[in-house]
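Reader: I am new to this structure and would like a close look at one part of it. Could you take me slowly through the place where protein and nucleic acid meet?

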Protein chains: 2
Amino acid sequence: MSQQRARPGSRTPSVKDVAAAADVSLGTVSNVLNRPERVSPSTRERVERAMAELGFVRNESARQLRAGTSRTLAYVMLDATNPFFNDVAQGIELAAEDADLSLFICNSNGRAEREEAHLDRLLQQRVQGILITPVNADAPYLDEISRRGIPVVIVDRHRDSGGFCSVGVDDVLGGRIAVEHLIEQGHHRVAFVGGPDSIGQVRERLEGARQIWAEFGRDPADLVHLPTEAVTVSEGRSAGERLAGLAARRRPTAAFCANDLLALGLLQQAVSAGARVPEDLAIVGFDDIEFAAAAAVPLTSVRQPRQELGRAAAKLLLDEAINPQHRHEQATFIPELVARASTANRS
Amino acid sequence: MSQQRARPGSRTPSVKDVAAAADVSLGTVSNVLNRPERVSPSTRERVERAMAELGFVRNESARQLRAGTSRTLAYVMLDATNPFFNDVAQGIELAAEDADLSLFICNSNGRAEREEAHLDRLLQQRVQGILITPVNADAPYLDEISRRGIPVVIVDRHRDSGGFCSVGVDDVLGGRIAVEHLIEQGHHRVAFVGGPDSIGQVRERLEGARQIWAEFGRDPADLVHLPTEAVTVSEGRSAGERLAGLAARRRPTAAFCANDLLALGLLQQAVSAGARVPEDLAIVGFDDIEFAAAAAVPLTSVRQPRQELGRAAAKLLLDEAINPQHRHEQATFIPELVARASTANRS
DNA sequence: TTGTATGCGTTATCAA
DNA sequence: TTGATAACGCATACAA
C-alpha cells in the first residue's frame with residue numbers, strides 16, 4: 001500500500017507561498033481571502049488558481065492571533081448519556097454551522113472538577129463563547145469567565161443571581177400540565193418520581209405538580225414523592241420497586257417522573273413485574289426524548305423543544321459576542337404535553 | 001444587576017505582562033510554562049504568583065502557531081441521534097482529556113456535503129488528527145487529508161483500500177453469534193431486519209447470519225431478509241408491520257436486527273400489535289446501547305465495546321501523530337452476545 | 001539560571 | 001488596485 005504522506009520537506013503552503021506562485025504580494029493574497037472586492041478580477045483569479053494548485057488552507061490559529069477573534073464555540077454538557085443533552089448539542093451545532101463556527105463539545109458528566117478542567121482548556125483556546133449546562137449554576141468560576149469578557153450562556157438551567165443569558169423551559173408549568181393531565185385521566189393518587197433535591201429542575205417540576213394538585217383541592221398526602229438519587233433509568237427501576245412494594249390501597253395509580261430516563265426505568269420495572277401500563281400504572285415523563293416515543297408502551301411526556309433550546313442559546317451567545325448593546329436575557333420556552341399510550345384514558 | 005465585564009481598556013494579560021509584573025524577562029515566563037525545571041524555584045514562584053494575580057491564561061493560538069503543533073482532535077460523527085455514536089464520542093473524549101487535548105465534535109448526519117464542510121473547517125483549525133465515521137469510507141477527500149500529513153482514523157467502519165487506521169468490531173462474527181443464539185433457542189424461521197445495502201455493516205452482519213444458518217444446514221429460504229431504508233426506530237416499526245402481515249405459517253418466530261434502533265422499533269410495533277416478546281417473536285439487536293437494556297422487554301443484543309472503540313481509535317490517532325514509525329492498523333474488536341428477556345428460552 | 005532576538009502565518013495600515 | 005511592513009502572543013535558539 002502506498003503510504004503516501006506529505007513529503008518530509010513540504011510545509012503546508014502559506015499565503016506567502018501562494019503569493020510567490022501567483023506572483024503577487026502577500027497582502028494581495030490576504031485581500032483575496034478577506035476582501036475580494038478590492039482586487040481586480042484577473043489577479044484574483046490568478047491567486048485563486050494558485051491556492052487551488054498548492055492546496056492552500058488558511059491557518060486559523062494565525063488568523064485568530066492576528067485578528068483577535070476566534071471562530072469557535074464550546075458546549076459543556078452535563079450528561080452525555082442522556083439523549084436530551086445531545087439533542088440540545090445538535091441544535092447548538094446547527095447554529096454554529098450556520099455562522100461558520102467550529103464547536104468544542106465537552107462533557108462534565110456531572111462532576112464539577114471535570115467541568116472546571118474543560119473550562120480551563122476552553123479559555124486557553126480563546127473560544128468566542130461558552131454554552132454550558134453547569135453542575136452548579138451558581139459556581140463562582142462562571143462569573144470569573146464572564147468577567148474576562150467571554151460570553152457565557154447557561155443552558156437548561158436558570159441562575160438566581162443573574163448576570164448571564166440562559167435558556168430553559170418553565171419547569172413549574174411543566175409539572176403542572178403533567179399532573180393536570182393525570183388528574184383529567186381520573187387518577188386520585190399520584191407519585192412524583194425524582195431527585196435529588198439539589199437539581200433545580202426536579203424541585204420546580206415537583207413544585208408545579210403540587211400547585212395543580214392543591215388547586216384541584218386534592219389532599220397533599222395523595223401526591224407521593226418517591227425520591228431518587230439521580231435521574232437515570234436504573235433509579236427509575238428502583239423507584240418502581242418501591243412503588244410496587246406499597247400496599248395496594250396506598251399505591252398510586254400514576255407516576256409523574258422528573259425525566260424520561262426515570263420514566264423508562266419505571267416502565268420497565270412495571271412491565272417486568274407484570275403490571276399493565278397504563279391500566280395498573282400510568283406514566284408521564286419529561287423532556288420527550290426520542291426513546292420516549294419509541295418505548296414498547298409509548299410514553300406520555302412533557303416536551304421540551306430540545307434542538308430549539310440549543311439554537312436559541314447559541315443565538316444569544318452570538319448576540320452577546322457581537323452586539324455591543326446586548327442585554328442579558330432569560331429565554332423561557334413553554335413545555336407541551338405529548339400524550340401517548342402510557343396514560344391512555346381510564347375508561 | 002452589576003453587568004461586570006472586563007474593563008474596556010484591559011486586554012487579557014500576555015506573557016509580556018506577566019514578565020513585567022514579575023520583573024523577569026519574557027523568556028523566563030515562557031520557561032516557567034514549558035520547562036519549569038530550568039528556572040530557579042524562587043523566580044518560578046514569583047512568576048507563578050504574577051500569573052495568578054493577573055489571571056494569565058496561555059493563548060493557545062499563539063502557542064500553536066509558534067510551536068507548529070495543535071492540541072485539538074476532532075470526531076466527525078455519522079448520526080448524533082444514535083446513542084451508539086455518542087458513546088464512541090465519549091470514549092474519544094476521555095482519551096483526549098487524558099492527553100490534555102480539546103475535542104471538536106461534528107455531526108455529518110449521514111450527508112457527505114456536511115461532512116466535507118466540517119473537514120474543511122477542521123483543516124483550517126490545524127487539528128492534530130481526525131477521527132471519523134464517514135458517510136462513505138472510500139471518499140477521496142479522506143485520502144486528500146491524509147496526504148496532507150494529518151492522521152485520520154476511521155471509526156466503526158473499515159476501508160477496503162487501506163491507508164488508514166481503523167477500529168471496529170467483527171461484524172460477520174456478530175451476525176453469526178446473533179443467529180446462532182436464535183437457533184439455539186429453537187427458532188426455525190428467522191428474519192434479518194436491516195438496510196440499506198450501501199452500509200457495509202449491514203451487509204456483513206447479514207453475511208454472518210447466512211453463514212451460520214448454512215452451517216446448521218438450514219434452508220436459506222427460512223432466513224427472511226426484511227430490508228429497511230435506514231437503521232432507525234421508525235424503519236424498525238415499519239419492518240414489524242411487514243412481518244406481521246406475513247401468513248402465520250410463513251412468519252418468522254425471531255428477528256435479528258442490524259442495530260438496536262431497528263430492534264426497539266420492531267419491539268414497539270410487536271407489543272402494540274398484541275404480540276408477546278419473546279413468545280411470539282424473539283428479537284436480537286446490535287450495538288447494545290443503554291436503551292436496549294432499558295426497554296420494557298430488555299433486549300438481547302450483540303455488544304460492541306462502544307467507549308472502548310472510541311478510546312482505541314484515539315490512541316491509534318495519537319500514535320500516528322507522535323510516533324514516526326507508526327504503522328497503520330485495523331483494530332477489530334470481538335462482539336459479544338448479551339442475552340436478555342427478548343430472546344428468553346422457548347421452553 | 002536568565003535575557004535577547006527571531007519568526008510562526010495572518011491581518012490591517014499605510015504608501016505607492 | 002497593489003505592495004511593503006508591523007504586530008498579534010508565544011516558544012526557542014543562543015548569548016550572557
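Author: This is a predicted model, and the part to look at is the protein surface near DNA strand D. That strand is surrounded by 24 residues, and the closest are Ser25(A), Thr28(A) and Thr43(A) together with Val15(B) and Arg66(B). Sorted by class, the surface near DNA strand D holds nine nonpolar residues, nine polar ones and six that are charged.

To place this surface within the chains, it helps to turn to the helices. In chain A, helix H2 (26-34) and helix H4 (60-67) each supply at least two residues of the surface near DNA strand D, and in chain B helix H2 (26-34) and helix H4 (60-67) each do so as well. The element that gives the most is H2(B), with five residues.

On the side of the nucleic acid, one can ask which atoms the protein approaches. Among the atoms of DNA strand D within 4 Å of the protein, 67% belong to sugar or phosphate, while the rest belong to bases.

Several individual contacts with the phosphates can be picked out from both chains. In chain A, a polar side-chain atom of Thr43(A), a residue listed among the closest to DNA strand D, lies 3.0 Å from a phosphate oxygen of that strand. In chain B, an N or O atom in the side chain of Asn34(B) is 3.1 Å from a phosphate oxygen of DNA strand D, and for Arg58(B) the distance from a polar side-chain atom to a phosphate oxygen of DNA strand D is 3.2 Å.

Methods
Residues numbered from 1 in each chain as written. Chains lettered and ligands numbered in written order. Predicted model: local features only at pLDDT ≥ 70, side-chain atom pairs only at ≥ 80, totals over all residues. Heavy atoms only, no water. Near = heavy atom within 4 Å. Polar contact = N/O pair within 3.5 Å; in protein donor to acceptor, adjacent residues only side chain to side chain. Helix = DSSP H or I, 4+ residues; strand = E, 2+ residues; numbered from the N terminus. Nonpolar A, V, L, I, M, F, W, Y, C, P; charged D, E, K, R; others polar.
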